[in-house]
Every structure is written in C-alpha cells, then in structure tokens.
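Take a look at the sequence and fold below. How is the chain put together, piece by piece?

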Amino acid sequence: MSVFLRWSLYFSSSRFAAPRSFVSKRSLSFSTVTAYSETTSPKKTRKKKTSDTGTPTRNLLVETKLQEYLDHIATTQDISIVELEREYKPSIRPDKTAPDYEEEYNKVVARLVRSFSLAQLRTIAKLYEVDIPGKLSKWSTAATIVERKWRWPSLISIRQEKKDSEIVSESFSLDAKQAFLILGKDGADLLDLSSKFGVHVSFSSSPLSLKVEGTRASLGQLSTYVGNFKMGIKERCFQLPAAQRHVGPDTLQHISRKSGAFVEDAGEGSIRLTFKDGDEVAAHLAERLTIRAASEVEESIPVLFCPVQNQTKSALGQVLSSHPTYSFYPFQPSELKLQASKQTCLFRVRRVEDWLRSDLSEAQDAGNLPEIAHVTDFSGKSVDLRQALLVGVPGSHANHRITASFGHLLVSSTSSRSSITPPLSGCQELSNLLKWLQTEEPKRAFVSSLPHPLINCTPAQQHMIHRLAYRSLSMTKDTGSSSTEESLKFELVLDNMNPKAPKKVQAKGDNDNSDCSEDPSTKGIDPLPDVTLAPTCWAESSRHLDLMLPDRPMDIRFSVSTNHIIARQDWPANLTNYYHGFRSFLTTSERTIGRPEIPLTLTKDGVDYQLSQSSTVRQTLDPNLSISLLPESSPHLVVESILELENNERSRLCQVGPSNACLNAFA
C-alpha cells in the first residue's frame, strides 16, 4: 500500500501535469517512455531481484493503466492553432506552376502525417471548422487541412488544369437554321462567342458544322452552351394575306439578315420563322418585313433616253465623237434599299469615252432641264418629256406638283449568280443598246443619291420629320405604265419651328395648337413639352418616269403627284390612335409609356393600304450652294437623309421642285 501511494504522489506532481500547449504525437511518446524508464529502470543496469518467495517484480504502469491514462491526456488536451501553424505551416508557398510544387506539397502533408495521429488530425480539422468524412484516411485528412485552410492547390486540380490547357479541336453538327442563329446578325454573335470562350471558330460546309479549336476546358463549356442553344430555338408560322403575292428567296434571305430571325417559305402562302428563345422582337420584325415585301409591286416605270448632243465638248475641252459608244459598268450603290437588294448584280450604262471624267459642271448640266426637254424612247422615237410624264394623269395640270430626284438607274443581270460580267458585253452603239433594252426588258432599280455639290452643303432650314407612307393594295403586278400609284402619307414635324408643309394646304379643323399646348403635369424624367408635331395626313396620286442619262454622272426620276389633305376627323382609326400614342410617348414623363407600334395596314374609304415606309427624315430646305442647278430660275430644293425605322436602312434624297418658269421649259 505504501508503494502504490508513493507512485500516485509521484505521478500527480507538476512534472507530469498536462501542459496547456499542444503535445504532438512525438513528444507524447517521448514523455511516456521517460515516465516508464524512471519508474521501472534505475540508472545502473542490474539484474532483477526476486523475492525470497520467488515472486517477480510487478509492472505498475500495466497494472494501474497509467499508460492508457497518459495517452488519453495527450489526445484530449487543448490545441493551439497559432503554435501549429508556426511549427508546421511553411511561410512561403511555391507557385502551382513551379516544377517543384508537387514535391513541396508532399513534404508538408508528410510532416503532418508523421507528427500526428489520425485522431489528432481530426481534432485539428474541427478547430479549423473543416468537415472531415469518417472514412477519410490519415493522408487525405492532412491533405484536406493543407488545401482548405492553408490554401495549397490540390495536386488533382493542378493535373486537371494541365489537361484542360491542352489545345484540342471539335466539330458541332448544325443545320442551316442553327448555323444562321448562332452566327448572328452579320456574324456578331459568333464573334462574341469566340471572345467569350477564348476559342477559334469556323464553319465547315460539308457537312455543315461549327469547327472549334481551343483548350479542353473551353471546349467543354462551349459544348454545354451549344447544347442549350439548340434546345432554346423556337419556330412559328404565319400566313400571308390572300391578296399578297409570293416572296422570293432572295428577299427572305435579306429579311433574315435584317431581323435576326431565319425566314423561309413553308409553301401555300405560309412563312416559317425560326428564332432564339427570348428574341420575340426579331420574330415580330421579320413578320412585318415579310408582309411588307409581299405587298410590294414591281412597278413598270417607263424609261426614256437622253442622247448626247452632236459635237459637244467635255469638261476637259476635247470634242466628243458624234457616234459615241456605251457599255454596262458594274455599280454598287452605298445605300441599297430592300427593293433593290433582289438584284445582286447591278450595272449602269455609261459612255465609254468619258467614264473617268469628273467635274462639278456636270451637275449643273444634269439639272439644266431645257436641254433635256426632248428625249427618245428605246425605239429611238423622239418623245416630249412633259407629255410623257403627264399622260394618263387625271385632273387639271395646274394642280399637279412635278419634282425631279437625282440618282442612278441600275439594270440587273440576267444571270442568277453574282458576277460582274455585264448582261451585254463590249462597247455598243446607241442603236444596239436601245434595241437590247427594248427586247430584253431587264429588271431596273432607281437608287436615289445626292449630286456632288450637295454632299457637303450648308443647310439653310432643317427639320426632323417622322414619316409614314402606305401604298394601296389595289395595285397589282400587272400595273401598266400609264397608271398612277395611290398612297396615304402621314408626317409629324419633330421640332418646335412648326413649319407649314410645302405644297400642302391645311384643312379646317386640322390645327394642332390645342394638342401641342404644354401640359403642366408633364414634368419629370425626359418630357418634351416644347415639341410641335404639326401632324399632316394626305392622300396622294403619283406617277413616275425615269430618264437615263448615260453621258452624265447621274440619272433623273421625274414624279408628278396630286395631293389631297385629309382632315383630322377623317383619319383612319388606327392612325389616330398611333398619333395620340406617339405624342404621349414624346411628351409624357412616365417611363411605363413605350413607343407605340406603327400600324401595318390602314383602311380609308373602303381601300386597304399597306405600310411601305416608316422613317425618320432629316430634311434640309434650300441648302446654300456655291453653284445653282438652274441658273435661270429659282427651284425649290429639298435634301433628305432618311433612316428606315424597321430595317435601319439609310438613304439620301435630292428633290427639285421646279418653279413656274422651269415648268414652262417643258413645253
């Protein structure tokens, strides 16, 4: 009993008290062995003595379970994270791309494994608030602490990154619709896709597929994107009105590019739209443009020819031949409208001898109406220009308004392929050229443009106009050259100058003063209470005649029209609603009010009209010119920059309204 008491007092002394600092496995083993050696083995080696009765010496550590108690103390004492990181966490972590990173990583983990037991490592993980699965090995437990709390990238992730950084290529099969939609408008979406995923993309035609080259990780992300993209494609069909004709594939392709939705003919007057999920705006725009294109009429506008005067002099002073030759030259206008886009190969007739000539005096000659009053048709017969223009136009000539627009009269090739090969090759005499134009009757397109003196002229009076034009659906494909075009037009002046519409007389009750008065409640975000819209709606009957001037830089389109102002109370109902909605959109401060949709059709006096133009126009009246187009008269000159709102196409128009003196020159 005295021996047991002596050992108990010995172990309860401060020498074996559990310290507050963390005791590692190695230090714990050392202290245990020390305790055992001090209690069982004296410093000097000697043989064990046996009692006189022959009983061996007792092992008190085993009998009293002191070793088990010491192990329990070592595993349950408080652990200090600060001391742990100071002793075992390296102060410098090598870069994960360094060649010796894996070796240093293994050294750190191996040191923890050698120094601590699995139970101690789990205790450390709990102090770090790291959840360790129950079946995780000792090495994996130490590696988890190093990766999650000491921020060492795992070897598995580094090996995966090296694998993902390898350059590979992959092809994704697509159909025509999917390829068009993933390409985007003018290839913009495909370019964004390449930049977003950091890959090189290209299309393969046989079979149609998207070939992608990039890192393995980028291709994995792109593969997921393409799969989701295909699943998000939607389709819907709509029926063209019975009165409207078939739309050609070239026009559908052009509409697809403008709208961003894939448009195709489904047969029997049905049109199929394919668009991306959430892009209902593109589908709606494609439907409107298709209906507009279906209602277009290929007008048979008569064309006259103005031959060169004998023995005239060019701008360089040389005498031109009395028998000049002409040829078709490829011509690509900078502003090509939807109607003209159907002809992929366009040519203009020019005289061969002076195709390089460029002088401002030509623009003066082009507007000299007295010199071109008498022209010829394609048969070579002399024609009076005024009589040819006014033939078949009802009403008194005094009420007619005659204007001339400058541009280029272009002829399309008979070939279906895009080529610069002219429809009539070589240099031709005037008689041969006129005969070919008369017999072949090629498709023509007049594209308006500005004469050279007006490109950089200074505007004298400038207005912003919102213009809508509706064409009568009663016009058919067989419209004769002597018939007129019936249309409804609507204009809003978007400035506070409130100019009177030229050549139009306001009807009674058509003033907009009451509607344009400033409302005190329209104060706030972006109201425009000072805008004077000055709405005007009128019915117009017009007829056109094109004059081909191959000896000059530009051709001319003559128009004769008769206008009838429609009073406000007689406007079509949907046009009235659009006006009030548009005015509220401009003048109110509420963000909830959006821009109203332009009516696609109007009905007036039992006649249906189809939208043919919805545009914003910057109109310049009588620009300041350094030269005069008509030196002997004072024409009314209008220059317009036109932006089509639905397809974002731009065009420029120069229109001359002759004065009375100029009109008399036609006789």
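The paragraphs below walk through sheets, a helix, some backbone details and a surface patch. Keep in mind that this is a predicted model.

Start with the sheet that holds β1, β2 and β3. Three strands make up this open sheet, in the order β1-β3-β2. Their pairing is antiparallel. β1 covers residues 167–173 and β2 covers 200–205; both stand at the edges. Each has a single partner strand, so one side of each is left without a neighbour in the sheet. On average, neighbouring strands here are turned by 20 degrees against each other, direction ignored.

Now zoom in on one pair. β2 and β3 (residues 208–215) are joined in the antiparallel sense by six bridges. Within this region, Val201 stands opposite Val212 in β3. A helix then covers part of the picture: α12, residues 216–231, packs on the sheet. α12 touches β1 and β3. The direction of α12 makes about 150 degrees with that of β3.

What lies in the loop between β2 and β3? Pro207 has its place there. The peptide bond from Ser206 to Pro207 is cis, with omega near -5 degrees. For context, most peptide bonds are trans.

Move along the chain to the next sheet. This open sheet has three strands too, in the order β4-β6-β5. Pairing is again antiparallel. The edge strands are β4 (233–239) and β5 (262–267), and each pairs on one side only. Neighbouring strands of this sheet are turned by 25 degrees against each other on average, with direction ignored. β4 and β6 (residues 270–276) run antiparallel and are joined by seven bridges. One contact to look up is Lys234, whose bridge partner in β6 is Phe275.

The loop between β5 and β6 holds Glu268. Its backbone deserves a check. Phi of Glu268 is near 60 degrees, a positive value in a residue other than glycine. Is Glu268 buried or exposed? Glu268 has a relative accessible area of 81%. Glu268 therefore counts as exposed, since the cut-off for that class is over 50%.

Arg151 shows a positive phi as well, near 60 degrees, and is likewise a residue other than glycine. Arg151 lies in the loop between α8 (138–148) and α9. At 58% relative accessibility, Arg151 is exposed. As background, most residues other than glycine have a negative phi.

Next comes α9 itself, which spans residues 155–164. Which of its residues are buried? Leu155, Ile158 and Asp164 are. The buried residues of α9 pack against α6 (101–115), β3 and α12. Two of these partners have appeared before: α12 packs on the sheet and touches β3.

Finish at the surface. Leu183, Phe203 and Leu208 make a nonpolar surface patch of about 210 Å². Where does Leu183 sit? Leu183 is found in helix α10, residues 176–183. Leu183 is partly exposed, with a relative accessible area of 30%. That value lies between the limits for buried, under 20%, and exposed, over 50%, so the intermediate class applies to Leu183. As for the other two patch members, β2 covers 200–205, which takes in Phe203, and β3 covers residues 208–215, which begins with Leu208.

Methods: Residues numbered from 1 in each chain as written. Predicted model: local features only at pLDDT ≥ 70, side-chain atom pairs only at ≥ 80, totals over all residues. Heavy atoms only, no water. Patch = residues over 30% accessible without salt bridge, like charges linked within 9 Å, V, L, I, M, F, W, Y side chains within 5 Å. Areas by Shrake-Rupley, 256 points an atom, 1.4 Å probe, with all protein chains shown as cover. Salt bridge = Lys/Arg side-chain N within 4 Å of Asp/Glu carboxyl O. Helix = DSSP H or I, 4+ residues; strand = E, 2+ residues; numbered from the N terminus. Buried < 20%, exposed > 50% of the residue type's maximum accessible area, 1.4 Å probe, protein only. Pairing = 2+ DSSP bridges. Axes fitted to C-alpha atoms, helices over the stretch in contact; angles between N-to-C directions. Contact = heavy atoms within 4.5 Å.
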